[in-house]
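Colleague: I have a protein chain to learn from. Can we go through it together, one question at a time?

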Amino acid sequence: MFRFFLSTTIEDPQNIVIFDKAIIKKITKVLRLNVGDSLFLFDNTGEEYEVAISEFKDKKFFCRLIRRMEIDRELPIEIVLYQSLLKKDKFEWVCQKVTEIGIKKIVPIITEFCVVNELNQNKISRYKKIIEEAMIQSGGKIPPIFETVIKFEEAVRKLNPRDLNLIFHEQEKNNNLLEILRSHGNKVINIFVGPEGGFSPFEIDLARQNSLIQVSLGKRILRAETAGIVACGTISQLFVD
Ligand code: SAH
């Protein structure tokens, strides 16, 4: 069965009209669905509906509601990934994988050793598109929020001390991720991952002063994009049922 994400909120499930050109093209040209065929539609509120196409008129699909779905594929915790900007297509990779895992927010950050220091509008649109596709493919309902890029210092200062705030650092020898997760019951887990060159000593100090816990992902040094995905994946596995 085919699932589509509507970027407009479904206000009246009894009268859903699809006018998104890309979706219409996919329904007509790729999937070749016709009046009477059914599909799943969901929006940014997390609601999902099974509908049947009842009419195709003026380049719009009019749908008849079959049923409202009761599906919960969300994690019971909120993982927020503060990922340093990365070279080439590495950031796309991270966006795609952590969306599949089911994190709630991606915050791109600029750190001292970042090689890439800005995010242009094209890249932002591309990341958002990748996120949307990854969410649909993985059966998620609510796409992670893609925040505007901010500097590391600002991100650290804005953290809520009641959340579990972790910074991943390859030089940490003792603090193991699973042990920390088992000894904390916070609902929101903010995780910081450095760029290819790692965090600077100044950044590690600042993080410590702002009570971020320094965490190890093992003795091997992972690539920045691997570290973020491994961290999110490991955390999520403790909470999936
Ligand atoms: N330039 C550094 C490595 C940076 S790895 C060096 O060569 O020594 C990039 C980022 O991935 C780091 O900033 C950290 O956030 C994360 N990372 C990689 N391996 C890690 C590990 N074993 N433990 C914790 N974090 C790790």
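Modeller: Yes, and let us begin at one helix end. This is a predicted model. Asp 20 caps the N-terminal end of H1.

Colleague: How far is the side-chain oxygen of Asp 20 from the backbone nitrogen of Ala 22?

Modeller: The cap joins a side-chain oxygen of Asp 20 to the backbone nitrogen of Ala 22. A polar contact needs a pair of N or O atoms within 3.5 Å. The distance here is 2.9 Å.

Colleague: Which residues of helix H1 are buried?

Modeller: H1 covers residues 21-30. Buried means under 20% relative accessible area. In H1, the buried residues are Ile 23, Ile 24 and Ile 27.

Colleague: Why do these buried residues sit on the same side of H1?

Modeller: Look around the axis of the helix. The buried residues are Ile 23, Ile 24 and Ile 27. They sit on the same side of H1 because the arc they cover around the axis is only 100°.

Colleague: Which residues are exposed on the other side of H1?

Modeller: Exposed means over 50% relative accessible area. The residues on that other side of H1 that count as exposed are Lys 21, Ala 22, Lys 25, Lys 29 and Val 30.

Colleague: Which strands do the buried residues of H1 pack against?

Modeller: Ile 23, Ile 24 and Ile 27 are the ones to follow. Their partners are strands, and contact means heavy atoms within 4.5 Å. The strands are E1 (3-5), E2 (16-18), E3 (38-42), E4 (48-57) and E5 (60-69).

Colleague: What phi does Arg 32 take, just after H1?

Modeller: Arg 32 lies in the loop between H1 and E3. At 62% relative accessibility, Arg 32 is exposed. Most residues other than glycine have a negative phi. Arg 32 is not a glycine, yet its phi is positive, at about 55°.

Colleague: Lys 88 also has a positive phi. Is Lys 88 buried or exposed?

Modeller: Lys 88 is in the loop between E6 and H2. Its phi is about 50°, although Lys 88 is not a glycine. The relative accessibility of Lys 88 is 74%, so this residue counts as exposed.

Colleague: How does the reach of H2 compare with the expected value, and what is that value?

Modeller: H2 covers residues 90-101. It has 12 residues. From first C-alpha to last, H2 reaches 17 Å, close to the expected 16 Å.

Colleague: What arc holds the buried residues of H2?

Modeller: The buried residues are Phe 91, Glu 92, Val 94, Cys 95, Val 98 and Thr 99. View them down the axis of H2. They line one face of the helix, because they fall within an arc of 160°.

Colleague: Which strands and helices do the buried residues of H2 pack against?

Modeller: Here the partners include both strands and helices. The strands are E6 (78-84), E7 (105-110) and E8 (145-146). The helices are H3 (121-138) and H7 (224-237).

Colleague: At what angle do H2 and H7 pack?

Modeller: Two packed helices are described by the angle between their axes and the distance between the axes. For H2 and H7, the axes are 9 Å apart and the angle is about 5°. That makes H2 roughly parallel to H7, with the angle at about 5°.

Colleague: Which residues of H7 meet H2?

Modeller: On the H2 side, the residues are Lys 90, Trp 93, Val 94, Lys 97, Val 98 and Ile 101. Among these, Lys 97 is partly exposed, at 22% relative accessible area. The H7 residues are Glu 225, Gly 228, Ile 229, Cys 232, Gly 233 and Ser 236.

Colleague: Which residue follows H2 with a positive phi?

Modeller: Go past the end of H2, which covers residues 90-101. The next phi is positive, near 105°. The residue is Gly 102.

Colleague: Which residues does Thr 111 touch?

Modeller: Thr 111 is in the loop between E7 and H3. Its relative accessible area is 4%, so Thr 111 is buried. Leaving out residues up to four places away in sequence, Thr 111 touches Ser 84, Asn 117, Phe 152, Pro 195, Phe 199 and Glu 203.

Colleague: What share of the residues in the protein chain is buried?

Modeller: The protein chain comes to 7 helices and 12 strands. It holds 241 residues. The buried share is 46%.

Technical notes
Residues are numbered from 1 along each chain as its sequence is written. This is a predicted model: local features need pLDDT of at least 70, side-chain atom pairs count only at pLDDT 80 or more; totals for chains, interfaces and linings use all residues. Side-chain values use heavy atoms; hydrogens and water are left out. Buried means under 20% relative accessible area, exposed over 50%, partly exposed in between (1.4 Å probe, protein chains only). Helices (H or I, at least four residues) and strands (E, at least two) are DSSP runs, numbered from the N terminus. The arc is that of the directions from the helix axis to the C-beta atoms. A polar contact is a pair of N or O atoms within 3.5 Å; within protein, one must be able to donate a hydrogen and the other to accept it, and residues adjacent in sequence count only if both atoms are side-chain atoms. The expected span of a helix is 1.5 Å times one less than its number of residues. Axes are lines fitted to C-alpha atoms, for helices over the stretch in contact, and angles run from 0 to 180 degrees between N-to-C directions. Angles under 35 degrees count as roughly parallel, over 145 as roughly antiparallel, 65 to 115 as roughly perpendicular and the rest as oblique.
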